[in-house]
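Q: Please look closely at one part of this structure and describe its surroundings. A connected account for a newcomer would be welcome.

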Amino acid sequence: MPLDANTLVNLAVVLVYFGATLWLGARMGSGNDVEDYFLAGREMPWWSASLSIVGTETSTLTFVGVPAIAYGGDLTFLQVALGYVIGRFVVAWLLVPAYFAGHVLTAYELLAQRFGGGVQRFASLIFLVSRVLADGVRLFSTALVLQALLPLSLPVSIGLIAGITLVYTLRGGLRAVIWNDAVQLVVYVAGAAVAGLFLINRIPGGWAGATQILAPLNKLRVLDFGWDWANPYVFWAGVIGGATLTTATHGTDQMFVQRLLACRSARAARRAVIVSGGLVLAQMALFLLIGSLLFAFYQTHPPAVPFASNDQVFARFIAEEMPVGLSGLVIAAVFAAAMSTLSSSMSSLASASTLDFLLGRGTIDRSIPASAQRDALRLAQHERAMRLSRWTTILAAIALAVVAGLARAWGSVLEVGLTITSITFGAVLGIFLVGLLGWQLRQGGAIVSMLAGLVAALAVQQAGVVAWTWLTPLGALTTVAVAALASLRAPPASSVSSTSSPSSEPPAS
């Protein structure tokens, strides 16, 4: 079909952005060995890791889904974001020191040191499945936005986004991913801010006019101290659920732990994760305000065609109301939000697959210094390890694209992504807490405990009796409770260490 001038300009802006992304990935990236490819040589500055953390967790789900929540409701999602900040302090002081003491390459190697390789692989498998499902939904949501903005089919949109992201992830490894994340964060926050300012100018009376519409409807409410187990956006559900979910994701999810391990020290990693909390809180406030402004705008400018869902509101505004050039910038911002998450997902999926399953801890001798470990990798396993790393990155991209193609009828994109993560990572967080508590537990008991946490969270979610914000605390508490019972039957510490896998030595001091 013929393209009008506005569409051609927007396409040109997007193509320039794609070119700049690929150039930056080629310029900043490297991948000389597995540690360099997956952990950027453990030399990233804390501020770039912090920006990458924020860029990673802020996908098109945020760009589209958060404004949709405020458009259909109010600003109480900020209570969940406050929980995100609290959870980061727990990660910084509880889990970061353990990772740097253990000299690990993936989050789940800590579990191998404590319980054995079987627990490491089971936790890694939970991560792989949940990350593919959740980030496949994120890829799908981006493709939907792209369809609304440019004349592309859904399969083409999915393939284009995944393909461009795969190229620079393959070429430069985690270093390219982190630097692109940092730039992409600036791009999509700038794009959102431009859209917000443009919105204010289009509403009669500006901000004052918007508040006159919003305030009487209670759409500017931030705190809700009511109590409803089925409402995720009341204070205690938001704060407790958000804090527990963030402790689980940023403390045990390889996608986020990978960035912490790429920092130069535990102190730098702590600073990175704590600062990211303040950035996320401010960012969520921006996107929620955009949703509120969209509601005020469409009260004075009713859409010609009603919205099929609230997830369409921001995309339709960009496509139909913003002037050419500015809309191209915001389209590029949508791509930036998607690619920052997808590149991180591809890299973390590949690192967990390669290091936890295909190579295993036996590849590296943890009794010798990290520098010698790197030398051993270069000399003994370099070619095989790098070949596996790149193939698993490609397979991760394909898996994400397949899930995106299947995610058409899964409901609200934001809550679907959050629900998937909330169900799965409570069990993983629970077993990490058991390890930190020092309880004696057989490998089989640890796996059964995680299964119990998964089943409990999934059963309660299917029953629909509580909001998604309670699923992670439920899964974690169930896992810890079952582990406590199993530990009563565990053998003494000396017996446990003698029956563990060879890789389950204690962390270095």
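A: Buried means under 20% relative accessible area, exposed means over 50%, and partly exposed lies in between, with a 1.4 Å probe and protein chains only. This is a predicted model, in which local features need pLDDT of at least 70, side-chain atom pairs count only at pLDDT 80 or more, and totals for chains, interfaces and linings use all residues. Residues are numbered from 1 along each chain as its sequence is written, and side-chain values use heavy atoms, with hydrogens and water left out.

The close look falls on T244, which belongs to helix 10 (residues 235-252); helices are DSSP runs of H or I with at least four residues, numbered from the N terminus. With a relative accessible area of 17%, T244 is buried. Its side chain reaches the backbone oxygen of I240 at 2.7 Å. Leaving aside residues up to four places away in sequence, T244 touches L429, T472 and P473, where contact means heavy atoms within 4.5 Å.

Beyond T244, the largest nonpolar core has 139 residues, of which F63, F77 and F432 touch the most other members. Such a core is a set of buried Ala, Val, Leu, Ile, Met, Phe, Trp, Tyr and Cys residues joined through side-chain atoms within 4.5 Å. Helix 14 (residues 326-358) gives the largest share of this core, 16 residues. A second, separate core of seven residues includes A40, L174, V177 and W179.

Notes
Helices (H or I, at least four residues) and strands (E, at least two) are DSSP runs, numbered from the N terminus. A polar contact is a pair of N or O atoms within 3.5 Å; within protein, one must be able to donate a hydrogen and the other to accept it, and residues adjacent in sequence count only if both atoms are side-chain atoms.
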